[in-house]
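Let's take a walk through this two-chain model, going from the overall layout down to single residues. Keep the viewer open as you read.

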Amino acid sequence: MKVDRRSFLGLGIGAVAGIAVSPMGMKLTDDSAIWTQNWPWTPVPVDGKVNYEKSVCSLCPGSCGISVRKIDNRPVKIEGLADHPVNDGGACLHGIAGLQYLYDPARIKTPLKKNGANFEKISWNDAIELVAEKLSNMREKGSPEKLACITDKEQGSVSGLFKRLLKTFGSPEFYTMPSLESYLEITASALHGKGKTIAFDLENASFVLSFGAGIIEGWGSPVSCFKANASRKTRHAQLYQIEPRLSNTAANADRWIPVKPGSEADLALGISSVILKNNLFDSNATSNFKGDLNKLAAVLQKDYSLAKTAKITGVKPDDIKKIATLFAKAEMPVAVFGKGRGDGAQSLKELAAVHTLNCLVGNINKKGGAFVKPNNQYLEFPDVAMDSIAKTGFGKNKTGKYVNQFFEEVNRSSQSLIEALFIYNANPCYTLHDTKKIKKALDKIPFIVSFSSFLDETAMEADVILPSHTFMERFEDVPSSGGLVKTVVGLTRPVIRPLFNTKTPGDSLILIAKALKGNIAKSFPWTTYDKCLESLTSRIWNSLSEDGFAVLSNGMPGDSQPVDVSFLAKNPASLKAQGNYDLTLIPIDNMRLMSAATASSPFAVKTVSDSVLKGKDIVVEINPLTAKGLKNRGFAVLTTPMGKTRVKVNINEGMMPGVIGMVTGLGHTFDNKYVSNKGVNINDLIGQVIEPDSGLDAAFGIKASISKA
Amino acid sequence: MSEIENKAENGSTESAGEGSAGEAKDDKGLGLGIIFFIIAFVACFLSGTLLFPKLLYSKKEQPFNFDHALHVSEAGDCETCHSLREDGSFTGIPKLATCLDCHYEDVLGETEDEATFVEEYVSKEKEVPWHVYSRQPDSVFFSHAAHTEAGGMDCVSCHGNIGESTSSRPYEENRITGYSRDIWGKNIFGIKKHSWDRMKMDDCAKCHKKETGHQGYCFQCHK
C-alpha cells in the first residue's frame, strides 16, 4: 500500500466534507453573527426596576427640582421635576448632565493631607484630629479670629453651620463668594435696609429693562427665566437689552441697546434723570424715599443730562429719552441688574442706579415689578455657646468687607492675618479676578482646609481636604435664590450610596466641633448632619421630605418699602477699566459653560460651539472695525496689563467696536481631561478694581490690545 | 539525480506511454483515497459534532446550588419570585431583597448551599451572581408580560420544567458570544423535541406564525 497524493486529497476532501456536514460551520456562523451584533466591549445597561426620586439640583443657585430616574439603586438620568414651583418640569443642560459629576475624574475619594507638593491619603479620624489640633492651638494662643471661612452663600444650613462654628470658635471672618444673591442683598441693604433681598417678577412684567442680565444665559434661576422669557410673546411684554454685545438675550429682545462697557450705571442714572426731569415718576412711590431724593435729582440734572449721558454711554440722546418714557409709562415695568449670569464683578453704583429706576416708577412690591422681601428665614438654630475667648475674637473687625478685600488685605499684610482657612463650595483660585494674586494670598495662609468634592484649582492649594459627597449623595436644604419671586426651600437628597470615602460637609463640621470639645462641641449637639437638618427645619420638614420642597411664600410682599438713595446722591465715581490699551476686554457668560465653584460637565463642554472654543483654543469676539489686520478664525495675541495669551478671533458685528469679548468658564487647569486645559481662564487676564464706596470688586473688564499672532 | 527529479521523470514517462500500468495504480490510489476520505470524514464529522461543542462551551458552576422544587413547594408558583413589575417589565432572577422576604433570619434549612447563601451574600449584602440560562442577546427586545399576560402562555412553554429541578446544572457559556447554551439548545444540530429545547429567533417566528398568523417584523424585537 502506497500513500500517494490522492490519499492526501481524499484525506483533505474527507476532512472538509466531514466538517461541512457536522453542525460546526452552521454554529460558528450563527455565533459570529451574534458576536458582531453584541460587541463584548460595548457596555450594556444593567436591567432593573425603574424608579424615580425627587431632589434638588445644586449645581447653580437656580434650585430647580429634579426627578432622578433610577434602575434599581443606580441613577441613570436627571429630569426636571414636574409641578415644582421653581422650574415646573424644565431642566437645563447642566442639570441633565448632573450625574457625570458622580464619576468625575477629579473627584476626591478619601481625605487627603498635603505632603510637600503632593497629597497623601489619610483616614477620616486622622484628618479631623489634625484640623482640631491646629484650631485648638489657635485658641490656646488667644487668636481664634485668625480662622476664616469662605463658602458659596449666606443661606442654608451648611453655611449656617460654618458660621456657627466660626462664632463659637471666636471668629467673625465668614465670607461668601460673589453671587447674584449677594448682590441682591447688598443692593437691598443699600436702598431698603438690612436683612432684605430683591426679586424680579419677570413672569408678569410688561416691560423688562435689562442692564446686561443674561435672562436666557443662566442669569438667576435659569429654567425659571427661560420660561418667563418664553411667555413674553404671548403676554405681549417687551424686553430691552442693554449691553455691549449682541448676546442671545439681546438677540431675543425687542431691542438691543449697545452701551459702552462699564457705563451701564451712567445710563441708568441718565434714564432716572429723564424720569425726574419730565415728571414721569410715580409720586406715591417717591413719598417712600427717605431724604436725599432732591440731592440725587440735583446730581442727576447736573451730571446726567441727556447729552452728558449719551457721551458717556454711547447711546443716542433720543434713545435714552425714549427708553425712559417707555419704561416709566409701561403698565408693569421692571429694571433688572446683574450683568451676564449676575455673579461676576459688579459695582454698587450700577446695582443701586438700576434698582432706583424700579423705585422711581413705583413698581416695588407690585405685580410685574421688583419685590423687596425679607431674607429667607426658615432655619431654627439653637443658641451658640461662647466662652470669653470666642466673645473677644468674634467681636473683632473683619479683615475685609467682602471676599475680594479679604484676599487683598491678606496679601498686603506683612503679618500672618489669617492662620487657618476653611473653603467650601468655592473656587476663588479660578473664579475671582487676578487668580495669581488669590493663589499668593492662599500661600500666605499656613493651614487651609478644603471641603471640596473635586480636586479643583483651590482644593489643590489646601493642606487638608475633607472631601464632601456630591449633591446626589447627601441631604441638604437648598433655599431658592437668584431673584426668584417665590420663596422656596428644596431638599437635595441622596439618590445613590456615596461612591467614595467622603462625608456630608455638615458631618465633617460636627466631627471637628466635637473634637474641639468644650463650648464648641456643646454648640454642635447633633450626632449627624441629617438629624441636625431635620431639627433645624422641623417646621417644614414634613413637606421637605415628602414633596422635596416647601413653599415659604408664594405671593408678593404687601408692604411698601422705604427707599434710601443717599449712596447715589453722593455721586460715586464710575470706575474705569485698568490699563492703558485702546480696547476693552469683557467677560461673556455662556449658558453652556459654568463659571462658578462647579466646573462644567464633560457633556456641557461638548455642547460649546466652534465660535467659542475651537479644539483647545478659545475664540474671542471682536467687531470688524476693531479687528483690522486680523483674520476671521485666525490666531491673535491678546494682551492685558495682567498678561498675554494666544486666542482665535471671531469677527462679527454683534460686538461693539472697541470691545473684545471672551467667554467665562474655560481654562480650568485641574486634572480632568474632559474639561480642563481648554481655552483660557479670563480671570487670569483681568485684575480686580475695588469700588471705594462699597468695597466690591467692580472690574467690568480690563483694557486690552490684540494683534496678529 | 535527486529524488524529486526522479519522480518527475517517472511521472513524465507514465504520462507518455505506460497507460495500462498507470490505470492499475490509479485504482489502487483511488481506493486508498476513498479510505482516507472516509476516515477523515468520520473523524471530522465526529469532532465537529462531539468535540466541537465541548470546546465551544465553557462550563461554569452556579455560585451555589439552588433547589427550585423546594422553593416552589414552599413559596408557591413561579410568579412569587419571578414577577412582573407594575410597569410590566419582568424582574427576572430575583434580587437579594426578594430572597430576604423569606430568608430574613439565619439559615432556614440545613443545607450547605443555604449556609453559603447566608454567609457569602445575605450577611455581606451582596447580590448573588447567578448565571442566567435563558438570557437572550442584548440585541433582542423581549417582553414577558406580552407573552404571559396578553398571550396567556405558561412559563414551561419556553423555560421547560426548571421549576421541578432540585439542583442547578452547570451553566454552559458560549466562548464566542458569551451567551448561554440554552439559547441554541443542548442538541448541537439544533434539533428539538420540546418547545423549550431551543430559544432562537426561528423558534419565536414559528410560534408567532402559528399563534398570530404572521412571523412578525424585524423591528418588533430588534429595536
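What follows covers the domains, the contact between the chains, the nonpolar cores, one sheet and a few residues worth a look.

**Domains and layout**

Keep in mind that this is a predicted model. Chain A is assigned four stretches of domain: domain 1 (5–37), domain 2 (112–179 + 378–469 + 498–520), domain 3 (196–374) and domain 4 (575–708). If you measure from C-alpha centre to C-alpha centre, domain 1 of chain A sits 73 Å from domain 2 of chain A.

Chain B has ten helices and two strands. Going along its sequence, the order is α-α-β-α-α-α-α-α-β-α-α-α. Of the 223 residues in chain B, 9% are buried. Looking at chain B contacts with a separation of 6 or more, 66% involve residues 24 or more positions apart.

The assignment splits chain B into domain 1 (3–58) and domain 2 (61–93 + 130–221). Where these two meet, five residues of domain 1 of chain B contact six residues of domain 2 of chain B. On the domain 1 side, helix 2 (19–56) and strand 1 (57–60) of chain B each put in at least two residues. Helix 2 of chain B is the top contributor there, with three residues. That side of domain 1 of chain B has three nonpolar and two polar residues, and no charged ones.

**Where the chains meet**

How many residues does each chain bring to the contact? Chain A brings 30 residues and chain B brings 31 residues. On the chain A side, helix 1 (5–21) and helix 2 (24–37) each supply at least two residues. Helix 1 of chain A gives the most, with twelve residues. Sorted by class, the chain A side that touches chain B has 16 nonpolar, eight polar and six charged residues.

**Nonpolar cores**

The largest nonpolar core holds 216 residues, and Phe162(A), Ile271(A) and Ile660(A) have the most contacts inside it. Setting aside neighbours within four places in sequence, Phe162(A) is in contact with Cys149(A), Thr151(A), Phe174(A), Phe422(A), Tyr424(A) and Leu509(A). Another core, of ten residues, lies apart from that one and includes Phe36(B), Phe37(B), Phe41(B) and Cys44(B).

Leu165(A) is another residue to click on, and you'll find it in helix 5 (residues 157–169) of chain A. Is Leu165(A) buried or exposed? It counts as buried, because it has 24 C-beta neighbours inside 10 Å, and the cut-off for buried is 20 or more. Not counting residues up to four places away in sequence, Leu165(A) touches Leu509(A) and Ala513(A). Leu165(A) and Ala513(A) are 348 residues apart in sequence, but their C-alpha atoms are 7.1 Å apart in space.

**A seven-stranded sheet in chain A**

Seven strands of chain A make an open sheet with mixed pairing, in the order 5-4-16-15-14-6-7. Strand 5 (118–121) and strand 7 (174–176) of chain A are at the edges; each has a single partner strand, so one side of each has no neighbour in the sheet.

Further in, strand 6 (residues 147–151) and strand 14 (residues 420–423) of chain A run parallel and are joined by four bridges. Within that pairing, Cys149(A) has Phe422(A) as its bridge partner in strand 14 of chain A. Both Cys149(A) and Phe422(A) also appear among the contacts of Phe162(A).

**Two asparagines with positive phi**

Here's some background on backbone angles. Most residues other than glycine have a negative phi. Asn279(A) has a positive phi of about 55 degrees although it isn't a glycine, and Asn677(A) likewise has a positive phi of about 55 degrees. Where are they? Asn279(A) is in the loop between helix 10 (264–277) and helix 11 (283–286) of chain A, while Asn677(A) is in the loop between strand 25 (659–663) and strand 26 (702–708) of chain A.

Here's how their surroundings compare with those of Leu165(A).

| Residue | C-beta neighbours within 10 Å | Class |
|---|---|---|
| Leu165(A) | 24 C-beta neighbours | buried |
| Asn279(A) | 8 C-beta neighbours | exposed |
| Asn677(A) | 14 C-beta neighbours | partly exposed |

Key:
Residues are numbered from 1 along each chain as its sequence is written. Chains are lettered from A and ligands numbered from 1 in the order in which they are written. This is a predicted model: local features need pLDDT of at least 70, side-chain atom pairs count only at pLDDT 80 or more; totals for chains, interfaces and linings use all residues. A residue is buried if 20 or more other C-beta atoms lie within 10 Å of its own, exposed if 12 or fewer, and partly exposed in between; C-beta atoms are placed from the backbone. Two residues are in contact if their C-beta atoms, placed from the backbone, lie within 7 Å. Domain bounds come from an automatic or database domain assignment. Ala, Val, Leu, Ile, Met, Phe, Trp, Tyr, Cys and Pro count as nonpolar, Asp, Glu, Lys and Arg as charged, and the others, Gly among them, as polar. A nonpolar core is a set of buried Ala, Val, Leu, Ile, Met, Phe, Trp, Tyr and Cys residues joined through C-beta atoms within 7 Å. Two strands pair if DSSP finds at least two bridges between them.
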